[in-house]
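Visitor: I am new to this structure and would like a close look at a single part of it. Please take one strand and describe what lies around it.

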Amino acid sequence: MTGALLLPLCGAASTVTTSSNQSLQSSSTNPVQTQQQAQQWGLSDTDWGRYQSLMKGARGIMSPGLDPLTTLGVETDNSAERRRLAELWVRHEYARAEKELAFQREINAAWLRLYPETLAVNMGNAAGIAHDTQGRLALFVKGSCSRCDARLAAVIADNRPVDIYLVGSDGSDENIRAWAISHGIPVDKVRSRQITLNHDRGLWQRYGQGQMPVVLQQGEEGWQIAAF
């Protein structure tokens with residue numbers, strides 16, 4: 001169970017707002033609407049005009065739906081301009097992620113309020129992970145799994161070091177990032193490696209005994225099932 005992969009919780013701002021797409025398709029542009037769209041991304045009217053022009057050309061064909069900041073950033077030859085756009089992208093992405101994380105924290109809290117009994121699952125050993133604070137955990141989960149979400153919330157609430165393995169990630173780092181953001185995985189804990197995000201790569205079939213979710217705990221005798 002070694003070699004955990006640390007993935008940055010940085011989603012790709014890869015879609016353009018509906019109003020932006022509509023503006024590209026419109027034969028005439030409303031100056032007020034253009035200014036509002038540009039301001040949403042922290043861009044000037046000149047920036048927005050260049051973005052629209054680029055998306056009508058080869059870049060729009062190669063990367064349809066690409067966001068304005070990325071479009072302008074990859075198409076500029078000016079290093080200072082590239083840096084400015086990169087910083088705008090990071091600020092925009094940080095604000096978006098913070099909103100999603102805040103909502104996910106409310107979802108986790110709602111699980112505990114509305115369905116506290118879902119946390120009282122069958123424990124694999126007498127002590128259980130709620131009382132035994134020794135050893136790192138490995139948590140195997142998959143998408144669209146309410147029991148997985150409940151177990152994840154419990155592990156994070158216990159502030160335990162844990163390696164999370166996403167079953168069915170198809171080997172895609174982007175799938176793991178999207179899953180982590182949607183489930184409110186604390187960014188600071190990922191950066192400190194208290195939490196790591198990993199592709200399953202068949203480990204669940206080897207260790208999980210067909211259970212989902214499943215928690216393994218590292219002890220003196222190696223990895224053992226701690227909870228289902």
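Guide: What follows is an account of strand β2 and its surroundings, with some notes on the rest of the protein. The model is a predicted one.

A little setting comes before the strand. The protein has 228 residues, and 41% of them are buried. It holds 11 helices and five strands. Of the contacts between residues at least 6 apart in sequence, 69% join residues at least 24 apart. The accessible surface comes to about 12,700 Å², and carbon and sulfur atoms account for 50% of that.

Strand β2 covers residues 162-167. Six of its six residues are buried, so the strand is largely enclosed by the rest of the structure. The cut-off behind that word is a relative accessible area under 20%. The residues of β2 point two ways: Val162, Ile164 and Leu166 go one way, while Asp163, Tyr165 and Val167 go the other. Both sets are buried.

Two strands pair with β2. One is β1, residues 137-142, which runs parallel to β2 and is joined to it by six bridges. Within this pairing, Leu137 has Val162 as its bridge partner, and Phe140 stands opposite Tyr165. Strand β1 is itself mostly covered, with five of its six residues buried.

The other strand is β3, residues 195-199, which also runs parallel to β2 and is joined to it by five bridges. Here Ile164 of β2 has Leu197 of β3 as its bridge partner.

The connection from β1 to β2 includes a helix. Helix α8 spans residues 146-157, and together β1, α8 and β2 make a right-handed β-α-β unit.

Between β1 and α8 there is a loop, and Ser144 lies in that loop. The phi angle of Ser144 is near 55°, a positive value in a residue other than glycine. With a relative accessible area of 84%, Ser144 is exposed, since the cut-off for that word is over 50%.

A disulfide links Cys145 and Cys148, whose sulfur atoms are 2.3 Å apart. The count of disulfides comes to one. The torsion about the S-S bond is about 75°, so this disulfide is right-handed. Both cysteines are buried: Cys145 has a relative accessibility of 11%, and Cys148 has a relative accessible area of 1%.

Arg147 is a residue of helix α8. Its relative accessibility is 44%, so Arg147 counts as partly exposed. Arg147 and Pro213 are 66 residues apart in sequence, yet their C-alpha atoms are 6.8 Å apart in space.

On the other side of β2 in sequence comes the loop between β2 and helix α9 (173-182), where Asp170 is found. Like Ser144 in its own loop, Asp170 has a positive phi in a residue other than glycine, near 60° in this case. Asp170 is exposed, with a relative accessible area of 73%.

Several of these pieces meet again in the nonpolar interior. The largest nonpolar core has 28 residues. Those with the most contacts inside it are Phe140, Ile164, Trp179, Ile185, Ile195 and Leu197. The elements that give two or more residues to this core are β1, α8, β2, α9, β3 and β4 (214-219). Apart from this core lies another, of 13 residues, including Ala38, Leu72, Leu88 and Trp89. Two names in the list for the largest core, Ile164 and Leu197, are the bridge partners already described between β2 and β3. Phe140 is also in that list, and Phe140 is the residue that stands opposite Tyr165 of β2.

One further residue lies outside the β-α-β unit. Thr76 is in the loop between helices α5 (68-75) and α6 (79-114). With a relative accessible area of 10%, Thr76 is buried. Leaving aside neighbours within four places in sequence, Thr76 is in contact with Arg50, Glu81 and Arg82.

To return to the strand: β2 is paired in parallel with β1 and with β3, has six of its six residues buried, and gives residues to the largest nonpolar core.

How values were computed: Residues are numbered from 1 along each chain as its sequence is written. This is a predicted model: local features need pLDDT of at least 70, side-chain atom pairs count only at pLDDT 80 or more; totals for chains, interfaces and linings use all residues. Side-chain values use heavy atoms; hydrogens and water are left out. Buried means under 20% relative accessible area, exposed over 50%, partly exposed in between (1.4 Å probe, protein chains only). Helices (H or I, at least four residues) and strands (E, at least two) are DSSP runs, numbered from the N terminus. Two strands pair if DSSP finds at least two bridges between them. A crossover is right-handed if, with the strands pointing away from the viewer, the path from the first strand over the helix to the second runs clockwise. A disulfide is a pair of cysteine sulfur atoms within 2.5 Å. A nonpolar core is a set of buried Ala, Val, Leu, Ile, Met, Phe, Trp, Tyr and Cys residues joined through side-chain atoms within 4.5 Å. Contact means heavy atoms within 4.5 Å. Accessible areas come from the Shrake-Rupley method with a 1.4 Å probe; for residues, only the protein chains shown count as cover.
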